[in-house]
Amino acid sequence: VEAAAAAAAARAAEARDELAAHKEALRAVQERMAEAWALQQGTADRLVGVRESLTAADAAAAESFAACATALRGAAEEQRAGQCDEELRGAIAAAAAALRCGV
């Protein structure tokens with residue numbers, strides 16, 4: 001009986017040790033899962049930041065494009081006005097020359 005009780009106690013001790021090892025392995029897995037979750041959350045936060053940065057960059061590029069377009073329109077209008085001034089000066093000079101010549 002004592003031998004059977006000793007064997008049962010030994011098996012129980014082995015089972016406790018095995019259970020403790022499994023609990024330790026489970027804690028390690030839970031820690032790794034928590035680390036992975038934190039990394040995933042960090043990645044998600046960085047992606048949100050990147051999206052916000054890209055949105056801001058897109059808005060800045062659109063604003064810059066609009067400013068360039070406005071400047072080009074202004075330059076084209078100034079050039080057109082300059083050409084009109086040249087044509088007007090030419091017409092005035094031609095009229096003055098015609099008057100001098102008595103035409």
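A salt bridge is taken here as a side-chain nitrogen of Lys or Arg within 4 Å of a carboxyl oxygen of Asp or Glu. In this predicted model, glutamate 24 and arginine 27 satisfy that rule, their closest N and O atoms being 3.0 Å apart.

**Overall form**

The chain contains one helix and zero strands. Measures of its extent describe the trace as a whole: along the principal axes, the C-alpha atoms span about 150 × 10 × 10 Å. The radius of gyration of the chain is 44 Å, whereas a compact globule of 103 residues would have a value near 13 Å.

**Surface and charge**

Of the 103 residues, 0% count as buried. The chain exposes about 8,700 Å², and carbon and sulfur atoms supply 64% of that area. The chain carries 11 positive and 16 negative charges, and the mean positions of these two groups are 2 Å apart.

**Salt bridges**

Side chains of opposite charge can pair when their charged atoms come close. In this model the count comes to two salt bridges, set out below.

| Salt bridge | N to O distance |
|---|---|
| Glutamate 24 with arginine 27 | 3.0 Å |
| Arginine 89 with glutamate 86 | 2.7 Å |

Glutamate 24 and arginine 27 are separated by about one helical turn, because they stand three residues apart in helix α1. The pair formed by arginine 89 and glutamate 86 also lies in helix α1, with a spacing of three residues, about one turn of the helix.

The accessibility of the paired residues can be stated for several of them. Glutamate 24 has a relative accessibility of 45% and therefore counts as partly exposed. Arginine 27, with a relative accessible area of 42%, is partly exposed. Arginine 89 is likewise assigned as partly exposed, because its relative accessible area is 48%. The partly exposed class lies between the cut-offs of 20% for buried and 50% for exposed.

**Aspartate 58**

Aspartate 58 lies in helix α1, which comprises residues 2–101. Its relative accessibility is 55%, so aspartate 58 counts as exposed, a class that requires a value over 50%. The separation between aspartate 58 and alanine 10 gives a distance within the chain: the two residues are 48 residues apart along the chain, and their C-alpha atoms are separated by 71 Å.

Methods
Residues are numbered from 1 along each chain as its sequence is written. This is a predicted model: local features need pLDDT of at least 70, side-chain atom pairs count only at pLDDT 80 or more; totals for chains, interfaces and linings use all residues. Side-chain values use heavy atoms; hydrogens and water are left out. Helices (H or I, at least four residues) and strands (E, at least two) are DSSP runs, numbered from the N terminus. The radius of gyration is taken over C-alpha atoms; the globule rule is 2.2 Å times the number of residues to the power 0.38. Buried means under 20% relative accessible area, exposed over 50%, partly exposed in between (1.4 Å probe, protein chains only). Accessible areas come from the Shrake-Rupley method with a 1.4 Å probe; for residues, only the protein chains shown count as cover. Lys and Arg count as positive and Asp and Glu as negative; His and the chain ends are not counted. The place of a charge is taken as NZ of Lys, CZ of Arg, CG of Asp or CD of Glu.
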